[in-house]
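Reader: I am new to this one and would like to go through it slowly. Could you put it up, please, and then take my questions as they come?

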Amino acid sequence: MLNAQSSLVGESQAIQEILRTIEKIAATESTVLITGESGTGKELIARAIHEKSARASQPMITVNCGAIPSELLEAELFGHVKGAFTGATANRIGRFEAANGGTIFLDEIGELPLALQVKLLRVLQTKQFEAIGSSKTIEVDVRIVAATNRDLEEAARKKEFREDLYYRLNVIPVKVPNLRDRKSDIAILVNHFITQFNTQTGHNVEAPSGEIMNALNSYDWPGNVREPENLMERLVILKGQGTVDLGDLPHRIFQRYAEGQPQGTGALSEWEFPRMVLPNSGVNLKAIVEAFENHLIDQALARTGNNKNRASELLMMNRTTLVEKLRKRGMITPAAKKAGMLPNNMPTAPSNDMSI
Ligand SMILES: Nc1ncnc2c1ncn2[C@@H]1O[C@H](COP(=O)(O)OP(=O)(O)OP(=O)(O)O)[C@@H](O)[C@H]1O
Ligand SMILES: [Mg+2]
């Protein structure tokens with residue numbers, strides 16, 4: 001995994017509003033509750049709040065409340081003294097103390113066990129707590145930022161989350177919308193990630209445009225920003241250079257785009273023509289048309305997992321015509337090639353294993 005850059009990118013109203021909110025609240029000490037689906041950027045926002053605050057030179061300590069077993073979480077958050085429980089062989093400070101002077105980021109706060117919610121409520125009110133097994137009260141100066149993908153208000157109504165804690169946390173709410181609800185951010189994010197991964201790898205993949213961008217825009221991105229980030233990383237690494245083709249996109253994205261296209265003759269509209277300008281020296285029309293034909297045939301085979309029936313349907317041609325064309329090209333299936341039946345320089349259908 002390449003490094004994700006920490007700047008928050010987006011031109012949608014929602015992201016612009018979040019950026020303004022970050023500026024306003026960074027200067028304060030108020031508790032922040034960031035909500036949004038997985039992959040929307042909650043952690044990135046928490047980090048931005050810390051980095052813009054006067055606490056930036058102090059640590060930001062992250063605790064993933066959902067990832068630490070509940071019996072260990074209390075010791076993790078508040079520390080313990082030697083002998084407090086089996087295995088507590090020495091005094092150990094908790095994350096709240098480690099974050100002193102800085103920010104503590106309580107991720108997946110919705111998973112915090114009810115018993116610990118009481119203790120956290122007191123910390124929010126007084127900034128005081130005791131380590132497990134100790135009667136000494138510790139006081140810390142910590143900014144609290146919490147995040148969750150759960151609807152905490154609903155959880156509070158169902159008595160799964162303490163209502164008083166919810167209100168204490170929700171002083172400054174930051175709601176991060178799903179990527180599908182701010183589609184104007186898709187292009188800028190895609191460009192941002194392509195540039196970032198090109199820089200990190202020294203590769204030179206062109207940022208998608210035209211039809212590819214239309215396909216990316218028409219997709220719903222259930223994984224939110226993490227999904228285009230992973231996809232662009234994969235495209236940059238696997239392609240290395242050049243432009244992204246529709247055939248490079250994972251099947252689910254392509255499918256979605258293809259479904260949205262007007263049905264009919266299957267002919268290209270003018271804007272979909274390959275953008276080639278006729279050079280003054282002329283062209284070998286037959287060779288170019290053949291290359292284009294092969295390009296589409298390869299895509300159809302890749303997309304259907306080499307199923308010639310379905311590929312011929314996609315190309316609106318007879319199966320026999322398709323098979324004849326493949327035979328003429330000496331085209332082989334990847335399976336035949338893998339089995340070592342044919343030389344390496346024979347063309348094969350591209351594999352379609354780009355999905356993430
Ligand atoms: N607006 C954005 N600009 C640039 N990168 C972003 C943006 N939003 C999210 N990312 C990137 O997307 C990835 C997911 O973001 P992040 O980890 O902050 O999401 P999250 O909401 O905390 O997800 P989860 O709920 O799964 O923990 C990260 O690599 C982050 O850098
Ligand atoms: Mg997160």
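Reader: Let me begin with a single residue: is V323 buried, partly exposed or exposed?

Author: V323 counts as partly exposed, because its relative accessibility is 32%, and the terms are set so that buried means under 20% relative accessible area, exposed means over 50%, and partly exposed is in between, with a 1.4 Å probe and protein chains only. Before we go on, please note that this is a predicted model, in which local features need pLDDT of at least 70 and side-chain atom pairs count only at pLDDT 80 or more, while totals for chains, interfaces and linings use all residues. Residues are numbered from 1 along each chain as its sequence is written, chains are lettered from A and ligands numbered from 1 in the order in which they are written, and side-chain values use heavy atoms, with hydrogens and water left out.

Reader: Thanks, and where does V323 lie?

Author: V323 lies in helix α14, which covers residues 319–329; helices here are DSSP runs of H or I with at least four residues, strands are runs of E with at least two, and both are numbered from the N terminus. The C-alpha atoms of V323 and S312 are 8.9 Å apart, and these two residues are separated by eleven residues along the chain.

Reader: Switching to the ligand, which residues come nearest to ligand 1?

Author: There are 18 residues around ligand 1, and V9, S38, G39, K42 and E229 come nearest; a residue is near a molecule if one of its heavy atoms lies within 4 Å of it.

Reader: What is the make-up of that shell by class?

Author: The shell around ligand 1 has seven nonpolar, six polar and five charged residues. In this scheme Ala, Val, Leu, Ile, Met, Phe, Trp, Tyr, Cys and Pro are nonpolar, Asp, Glu, Lys and Arg are charged, and the others, Gly among them, are polar.

Reader: Which helices supply at least two residues of the shell?

Author: Those are α2 (42–52), α8 (186–201) and α10 (226–239), and the largest share, three residues, comes from α2.

Reader: And why does ligand 1 lie between the two domains?

Author: Domain 1 (13–177) and domain 2 (180–261) both give residues to its shell, so ligand 1 lies between them; the bounds come from an automatic or database domain assignment.

Reader: Which polar atoms of R226, L44 and G41 are we talking about when it comes to contacts with the ligand?

Author: For G41 it is a polar backbone atom, 3.1 Å from an oxygen atom of ligand 1, and for L44 it is a backbone N or O atom, 3.0 Å from a ligand oxygen. For R226 it is a polar side-chain atom, again with a ligand oxygen at 3.0 Å. Taken alone, ligand 1 exposes 640 Å², of which the protein buries 88%; such areas come from the Shrake-Rupley method with a 1.4 Å probe.

Reader: Let us turn to the aromatic residues: how many aromatic pairs are there?

Author: The count comes to six aromatic pairs, where rings of Phe, Tyr and Trp (its six-membered ring) pair if their centres lie within 6.5 Å, and planes under 30 degrees apart count as stacked, over 60 as edge-to-face and the rest as tilted. In one of them, F78 and F96 have ring centres 5.5 Å apart and planes at 0°, so the pair is stacked. This pair links distant parts of the chain, with F78 in helix α3 (residues 70–78) and F96 in helix α4 (residues 95–98), 18 residues apart.

Reader: Is F96 buried or exposed, and how does F129 come in?

Author: F96 is buried, with a relative accessible area of 0%. The rings of F96 and F129 have their centres 6.0 Å apart and their planes at 50°, so that pair is tilted. Because F96 lies in helix α4 and F129 in strand β6 (residues 128–130), the pair ties together parts that are 33 residues apart in sequence. F78, F96 and F129 form one aromatic cluster.

Reader: One last topic: what is the phi of N224, and where is its place?

Author: Phi of N224 is near 55°, a positive value in a residue other than glycine, and N224 has its place in the loop between α9 (210–218) and α10. Most residues other than glycine have a negative phi. N224 is buried, with a relative accessible area of 0%.

Methods:
A polar contact is a pair of N or O atoms within 3.5 Å; within protein, one must be able to donate a hydrogen and the other to accept it, and residues adjacent in sequence count only if both atoms are side-chain atoms.
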